[in-house]
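Work through the exercises below with the model open. Try each task before reading its solution.

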Amino acid sequence: MAAKRSGRSKRGINERLQPLQEPHSEPPLSRERIVATAVELLDAQGVDGLTMRRLADRLGSGVMSLYWHVDNKEDVFDLALDSVLEYRGPPQIAQDWRGEVVHMLEDWRASMLRHPWSASLLPRRALGPNILGRLELLSTTLSRAGVADADVNVAIWSLWNYVMGATITRASFDLSDDDRAAAQQRLTRLSERYPTIERSRLLLDNDWDGAFRKGLGFLLDGLSQDEAER
């Protein structure tokens, strides 16, 4: 009996000497982690789906803990928006000014299409360092191309409006192939009233990327011609 008691005693000592396993815990809360999680939430549920409670739940924290790192929900919107609009600059290979503008604006459009909520937020949010950096680089590039100081603002807003309009249209124009074919068939029946767009098969044109680049080329051609005529 003594031997049995000794064995149980040794096992008890050994068990007590084993290091305790710490419960699984989330990474420390930080502004960067809050912003990254907010982007995930916005991607999943849109602007209306982001609340501080849902954000805290995703982070595994209390709501009040968020306010040590961000001011309020509006601050979260501003930070999330600016984070998805980061631009790392044109490729290292040498490009002319047109190539740099095309690369920047295509990247801007692609960023907003990856995060469709961003296009609806951008016109009414405080502009953060990433979007301001894009605008500064665009302004510098246009000036280097010969656009007069008096025309830089007009050029920038024209390009801004083009990118925003193209992005919002693409993000919201979500018809299936069958829907597009049905719309084109209806247009064909009305071809006497709408002969030109029926002939061009407008409603079947699905080359969004190609149309964006070609339309951007039209705008840049206009800038180039205007400066050449001065």
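**Exercise 1. Overall make-up**

What percentage of the 230 residues in the protein chain is buried? Then find the secondary structure content.

*Solution.* First, the ground rules. This is a predicted model, in which local features need pLDDT of at least 70, side-chain atom pairs count only at pLDDT 80 or more, and totals for chains, interfaces and linings use all residues. Residues are numbered from 1 along each chain as its sequence is written, and side-chain values use heavy atoms, with hydrogens and water left out.

Step 1. Apply the burial classes: buried is under 20% relative accessible area, exposed is over 50%, and partly exposed lies in between (1.4 Å probe, protein chains only). Buried residues make up 34% of the 230.

Step 2. Assign the secondary structure. Helices (H or I, at least four residues) and strands (E, at least two) are DSSP runs, numbered from the N terminus. The protein chain has 12 helices and 0 strands.

Step 3. Check contact range, where contact means heavy atoms within 4.5 Å. Of the contacts between residues at least 6 apart in sequence, 65% join residues at least 24 apart.

**Exercise 2. The core**

Which residues have the most contacts inside the largest nonpolar core?

*Solution.* Step 1. Build the core from buried Ala, Val, Leu, Ile, Met, Phe, Trp, Tyr and Cys residues joined through side-chain atoms within 4.5 Å. The largest such core has 49 residues.

Step 2. Rank by contacts inside it. Leu55, Trp108, Trp117, Leu122 and Leu142 have the most. Helix H9 (residues 149–172) gives the largest share of this core, 8 residues.

Step 3. Take Leu122. Leaving out residues up to four places away in sequence, Leu122 touches Leu81, Leu85, Trp108, Met112, Leu127, Ile131, Trp160 and Met164.

Step 4. Now take Ser118, in helix H7 (residues 117–121). Ser118 counts as buried because its relative accessibility is 0%. With the sequence neighbours up to four places away excluded, Ser118 touches Leu81, Val84 and Met112.

**Exercise 3. Helix H6 and its salt bridges**

How far does helix H6 reach from its first C-alpha to its last? Then trace the salt bridges of Glu100 and Glu106.

*Solution.* Step 1. H6 (residues 97–114) has 18 residues and reaches 26 Å. This is close to the expected 26 Å, the expected span being 1.5 Å times one less than the number of residues.

Step 2. Search for salt bridges (a side-chain nitrogen of Lys or Arg within 4 Å of a carboxyl oxygen of Asp or Glu). The structure holds 7.

Step 3. Glu100 pairs with Arg144 at 2.7 Å, N to O. Arg144 lies in helix H8 (residues 129–144) and Glu100 in helix H6, so the bridge ties together parts 44 residues apart in sequence. Glu100 is buried at 17%, whereas Arg144 is exposed at 52%.

Step 4. Glu106 pairs with Arg213, with 2.7 Å between the closest N and O atoms. Arg213 sits in helix H12 (residues 208–228) and Glu106 in H6, 107 residues apart. Arg213 is partly exposed at 47%. Glu106 is partly exposed at 25%.

**Exercise 4. A bridge outside H6**

Which residue forms a salt bridge with Arg31?

*Solution.* Step 1. The partner is Asp75, with the closest N and O atoms 4.0 Å apart. Arg31 is in helix H2 (residues 31–45) and Asp75 in helix H5 (residues 73–84), 44 residues apart.

Step 2. Classify both ends. Arg31 counts as partly exposed because its relative accessibility is 36%. Asp75 counts as buried at 14%.
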